[in-house]
Amino acid sequence: MERYWLLKSEPFKYGWDDLEAEGEGTWDGVRNHRAKNNLAAMEVGDQAFFYHSREGLEIVGICEVSEAGITDPTDETGKWAAVKVVPKTKLPRPVTLKEIKVEERLADCELVRQSRLSVAEIKPDEWSLILKMAGV
DNA sequence: GCCAACGTTGGC
DNA sequence: GCCAACGTTGGC
């Protein structure tokens, strides 16, 4: 079953533009167990929102998992997971955290509930709602 | 095995 | 720049 995700990144470290410029990005360096579980559950073809944290605070684009189940290359213990993603589309209109927080149907999503989680799951109905908010 | 202290993340 | 939330570490 296809699942949906949200990947957080600080734009001054690695933003949407960086991903588009590279064509493919490796999502590694995650050192949180819940985020790691999400990474490990990803499959090729899954879609993910790309969210800018600290600065911007908005979902800016959609990317797709191009390689799953990778062991994090930046980790020598081999315990952490990573995936590769390719950029798909930039949202016609970014969806801000503010809008997400105001929308009560999104009050339950991982992004709101656990704000420090760098890889969050998005449920299918939350996914389509956010797409609608983005003007897709 | 509990919990206080500390470090980090991320929204404001 | 501040601080709340959360995770991790280490003393007991």
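Just after helix α6, the backbone of this predicted model takes a positive phi of about 80° at Gly135. The helix that precedes this glycine spans residues 124-133, and its buried residues are Glu126, Trp127, Leu129, Ile130, Leu131 and Met133. Their packing partners are a mix of strands and a helix: the buried residues of α6 pack against β1 (4-9), β3 (47-52), β4 (58-71), β5 (81-96) and β6 (119-122), together with α4 (97-102).

Turning to the interior, the largest nonpolar core comprises 40 residues. Within this core, Trp27, Phe49 and Ile59 have the most contacts. Such an arrangement can be read against a general trend: in soluble globular proteins, nonpolar side chains tend to be buried together. Trp27 gives a good view of the surroundings, with residues up to four places away in sequence left out of the count. Its contacts then include Leu7, Lys8 and Ser9, as well as Tyr14, Leu39 and Phe50. Trp27 also touches Ala81, Ala82, Val83, Val85 and Val119.

The DNA offers a contrasting setting. DNA strand C is surrounded by Asn32, His33, Arg113, Gln114 and Arg116. Of the atoms of DNA strand C that come within 4 Å of the protein, sugar and phosphate account for 54%. By class, the protein surface near this strand has three polar and two charged residues, and no nonpolar ones. Two of the side chains there can be followed to particular parts of the DNA. Gln114 places a polar side-chain atom 3.4 Å from a phosphate oxygen of DNA strand C, while a polar side-chain atom of Arg116 lies 2.4 Å from a base oxygen of DNA strand C.

Conventions. Residues are numbered from 1 along each chain as its sequence is written. Chains are lettered from A and ligands numbered from 1 in the order in which they are written. This is a predicted model: local features need pLDDT of at least 70, side-chain atom pairs count only at pLDDT 80 or more; totals for chains, interfaces and linings use all residues. Side-chain values use heavy atoms; hydrogens and water are left out. Buried means under 20% relative accessible area, exposed over 50%, partly exposed in between (1.4 Å probe, protein chains only). Helices (H or I, at least four residues) and strands (E, at least two) are DSSP runs, numbered from the N terminus. Contact means heavy atoms within 4.5 Å. A residue is near a molecule or strand if one of its heavy atoms lies within 4 Å of it. A polar contact is a pair of N or O atoms within 3.5 Å; within protein, one must be able to donate a hydrogen and the other to accept it, and residues adjacent in sequence count only if both atoms are side-chain atoms. Ala, Val, Leu, Ile, Met, Phe, Trp, Tyr, Cys and Pro count as nonpolar, Asp, Glu, Lys and Arg as charged, and the others, Gly among them, as polar. A nonpolar core is a set of buried Ala, Val, Leu, Ile, Met, Phe, Trp, Tyr and Cys residues joined through side-chain atoms within 4.5 Å.
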